[in-house]
Amino acid sequence: MVVRVPPPSAQPRSRLRILLASGAAALALAAASVVPGVPLGSAPQQAQAADAGSGKTLTVAVAQSIDSLSPFLAQKLLSTSISRLMYDFLTNYDPKDNHAVPGLATKWEPSADKLTWTYTIRPDSKWSDGQQATAEDAAWTFNKMMTDDAAAQANGSFVSNFKKVTAPSPTQLVIELKEPQATMAALDVPIVPKHVWEKVTDFSKFNNDKDFPVVGNGPFILTDYKVDQYVKLKANPDFWRGRPKFDELVFKTYKDQDAAVAALRTGEVSFVAGSPALTPAQADSLKSEKNVKVNEGPGRRFFALATNPGAQTKDGKKFGDGNKALLDQKVRQALFLSIDRKTIIDKVFRGHAVEGQGYIPPRFPAYYWQPSADQALAYDPAKAGQLLDQAGYTLKGDKRVGKDGKPLDLRILCHATDPNDKAIGKYLKEWWGKLGIGLKVDCLDDVSVPWYAGEYDLAFDGWSVNPDPDFVLGIHTCAALPAKKAASAATDNFICDKTYDGLYKKQLAEYDPAKRADIVKEMQSWLYDSGYMSVLAYPNAVEAYRTDQIKSITTMPEAAGNIYGQDGYWSWWSAVPADGAGDGGSGSGSSTGVVIGVVVVVLVLAGGGFLFARRRRTTADDRE
C-alpha cells in the first residue's frame, strides 16, 4: 500500500521551492535517443569515494518494520529503500530535478515506433561475489516477473505491457512492447543476479533473509538480518559510482518515537525519520538542541482516507465484510464533506503540511491536480446530511438509520505507530457523530490482516509518489486485485472500474508529457468524484540528524527536500561523516552534500524469527 510510502512511497512539504520534477521521466522518453551525462559519478568523485572507509557508522531511527527483503515482494518504504541500496536499477532519478540518469544502463533508445527499447548495460558493474553484472541479469529479472505471478507482486505493473525481453550481448538489453509505454526511462525495478535468483523455487515465500552476505551490485551489501531485530549492510567498495564514505549505516526501529528522539539527543542514533515524520512537538523540541539539525522540505507522500468499495478477486469473487452503505457514492461523499481539512492541517499537522486535494502531491507540479470550485468536496456538514438523507440514511434521534432499520456505524483501520492517525480519528468520530454516524477507530500494530481480508470499512491510507506516477495510479486498476481471497496483492483498496482502467492504459501509452499529464489529472478527477479515496493532506518531510556525526548529506530535491525515503540511494550513499564520528556516531558539521555510507542495521524492538510472506501495512508510508 503505501506511502504508504514513500513510499517507497508522497507529499509536498513547503509549497515554495517545489521543483519541476514530475515530467522528467516523460521528457527523457520523448527524445528518440537518450544519452544522459553521468552526474554524481565522475572520475574525481569515484576516486574520492575510493579513499573512504574509516570505520564510520551512521545510525538511523525509523518506525517501520521490514515486510520483505526480496525486491519482488517488498512494498513498504523502508524495504524498498533497502532494495535500492542493494541492487542497481536500469536508470535513476537525478536528485536535483528528477530527470532520468544512468543506473545499470548508460544509454537507452527507442525504435522509430517506440515499441522496441534498447539499453546499453555498463561494463563496470559487478556483483559482490565478483561476477560481472550483465544484460542477461536484467533480462532474467524482467522475464521472471512476466512469467511468475509471485515475482510480479511488487512491481508487476512495469512489465505487464512487455512482449519480449532479450539480451543479445552482455551489454545490450532489448525490450519489446505490446503498446507504447511512457515509463521506459522510469522502470523502478531492482535488477537481481540471475546466477543467484534462478535457484529460488517459490518467489511467494522467499524473503531473501537467510543467506548472507546477499549478492548485490548497489552501493551497499546486505550482511545480516533478524526479524524485528536488525538489517545490516556494508559499503560496497566496488560500486561503480563510488564507495560510500560511511562504513556502516544502521536503521534502528523504535515503536516509541519519543524514545527515538531521545536517542538522537544522546547520540545513540545519527538520524531520526519519525513515524513517518517527526511530530511538530518533536521537531520543535529538537530545534534548540546542540549539534542537531531539523530538516523540513516538500514531501512526496499523501495522507488519505480510503473506503472499502467491496473487496473482490480478479475473477470477481466478493469477500470481506465492508459496510454496504459505502457502496453508495452519496454516502462516501457525505463522509468527506464532513471533514474539516483546515482543522487537520492547523491542529494535527500544525502547519507542517499542505491541504490535500488531488492524488499527486504539489511537489510534482506537472501532475498536480485541483478540483474546480463546483467539484470540490469542501467542508459542508449540511450538504453531507442532505446526501445521507437522499441515500436513505435518515436521522432517528441522534443516529442515522438505514431503510433496514440498522444504525450507520463504521470502522476505520488506524496504524498504532502513527500519531496522526489517532489524532484525526478523534476528529472524525466527533464530526461524523454530529451527523449521526457511529465510528470505531481500530488502531493496530499490523493492519494487513483485516485489510487484505477486506474486513474494514475505512482506513487511513497514503503512499510515497515517485517522479513518474505510474505505479501509484496502477494500484487502483482491476489488474492489481488479488488472485485469491485475502491474498496480498498490489491493489490499494480493491478499486476496479473500466473507465479508470481505460484512462490508465491511455496515460501509459502517451509519450507527449503534456498530454500524458492531462490524462493523469483526469484520472485524479475520477478518483476524487468516486469518493473511494479522500486525500486529506500532503505532509512535509520533517526529520532530524546530528551534525556532530553527519557533516553533509543530500536532500531530494537538493534545493529543499527529504533525506529519508528518497527516489534513489542519494542520501545514504552521499553522507559524509563529521570529523571525529565513529561507531554509533559522534562529530560536527553542516547540512548539505552527498553521503557515502555503509552498513544498514535495522533494529526492530521485539522478538526474532523470519519474515511473514504476507506484506504488512503497518505505517502510513508503506510504499515508496
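**Figure 1. A hairpin built from S8 and S9.** Six bridges tie strand S8 to strand S9 (residues 230-235), and the two run antiparallel. Keep in mind for this and every later view that the model is predicted. If you want one pair of residues to start from, take Lys226, whose bridge partner in S9 is Tyr230. Together S8 and S9 make a hairpin, with three residues between the two strands. In that turn sits Asp228, with a positive phi of about 60°. How many of the seven residues of S8 are buried? Five of them are, so S8 is largely enclosed by the rest of the structure.

**Figure 2. The whole chain, for orientation.** Before going further in, here is the chain as a whole: it has 16 helices and 24 strands. Of its 624 residues, 64% are buried. The accessible surface of the chain adds up to about 21300 Å², and carbon and sulfur atoms account for 51% of that.

**Figure 3. An open sheet of six strands.** Read across this sheet and you get the order S14-S20-S13-S19-S17-S18, with mixed pairing. Which strands stand at the edges? They are strand S14 (353-355) and strand S18 (438-444); each has a single partner strand, so one side of each is left without a neighbour in the sheet. On average, neighbouring strands of this sheet are turned by 25° against each other, ignoring direction. As a reminder, strands of a sheet pair through backbone hydrogen bonds, either parallel or antiparallel.

**Figure 4. S13 meets S20.** This view picks out one pairing from that sheet. Strand S13 (residues 303-307) and strand S20 (residues 533-539) pair in the antiparallel sense, over four bridges. Look for Phe303, which stands opposite Ala537 in S20. When you follow the side chains here, it helps to know that in a regular strand they alternate between the two faces of the sheet.

**Figure 5. The largest pocket and its lining.** About 1200 Å³ of space lies in this pocket. It is lined by 45 residues, and the closest to its centre are Ala152, Gly156, Lys314, Ala479 and Ala480. What kinds of residues make up the lining? The split is 24 nonpolar, ten polar and eleven charged. Three helices each supply at least two lining residues: helix H4 (135-147), helix H13 (470-474) and helix H14 (498-508). The largest share, four residues, comes from H14.

**Figure 6. Just after H14: Asp512 and a partner from far along the chain.** Asp512 is in the loop between H14 and helix H15 (513-530). Is Asp512 buried or partly exposed? Its relative accessible area is 32%, so Asp512 counts as partly exposed. Now find Ala182: Asp512 and Ala182 are 330 residues apart in sequence, yet their C-alpha atoms are 8.5 Å apart in space.

**Figure 7. The second largest cavity.** The volume here is about 110 Å³. Lining this cavity are 14 residues, and those nearest its centre are Ala277, Leu278, Thr279, Phe349 and Asn420. By type, the lining residues divide into eight nonpolar, five polar and one charged.

**Figure 8. Two cis peptide bonds, each leading into a proline.** One of them runs from Phe212 to Pro213, with omega near -5°. Pro213 lies in the loop between helix H5 (194-197) and strand S8 (220-226), the strand of the hairpin in the opening view. The other cis bond joins Met556 and Pro557, and its omega is about 0°. Look for Pro557 in the loop between strand S22 (550-552) and helix H16 (570-574).

**Figure 9. Two asparagines with positive phi.** Asn98 has a positive phi of about 70°, although it is not a glycine. Its place is in the loop between strand S2 (91-93) and strand S3 (100-102). Asn291 also has a positive phi, near 65°, and it too is a residue other than glycine. You'll find Asn291 in the loop between helix H7 (280-286) and strand S12 (292-297). How does the accessibility of each come out? Asn98 has a relative accessible area of 3%, so it is buried. Asn291, at 26% relative accessibility, counts as partly exposed.

Technical notes: Residues numbered from 1 in each chain as written. Predicted model: local features only at pLDDT ≥ 70, side-chain atom pairs only at ≥ 80, totals over all residues. Heavy atoms only, no water. 1 Å grid on protein atoms, 1.4 Å probe; cavity = no way out; pocket = protein on both sides within 12 Å on 5 of 7 lines; lining within 4 Å. Points joined across faces, edges and corners; volume = space filled by probe spheres on them. Nonpolar A, V, L, I, M, F, W, Y, C, P; charged D, E, K, R; others polar. Buried < 20%, exposed > 50% of the residue type's maximum accessible area, 1.4 Å probe, protein only. Areas by Shrake-Rupley, 256 points an atom, 1.4 Å probe, with all protein chains shown as cover. Pairing = 2+ DSSP bridges. Axes fitted to C-alpha atoms, helices over the stretch in contact; angles between N-to-C directions.
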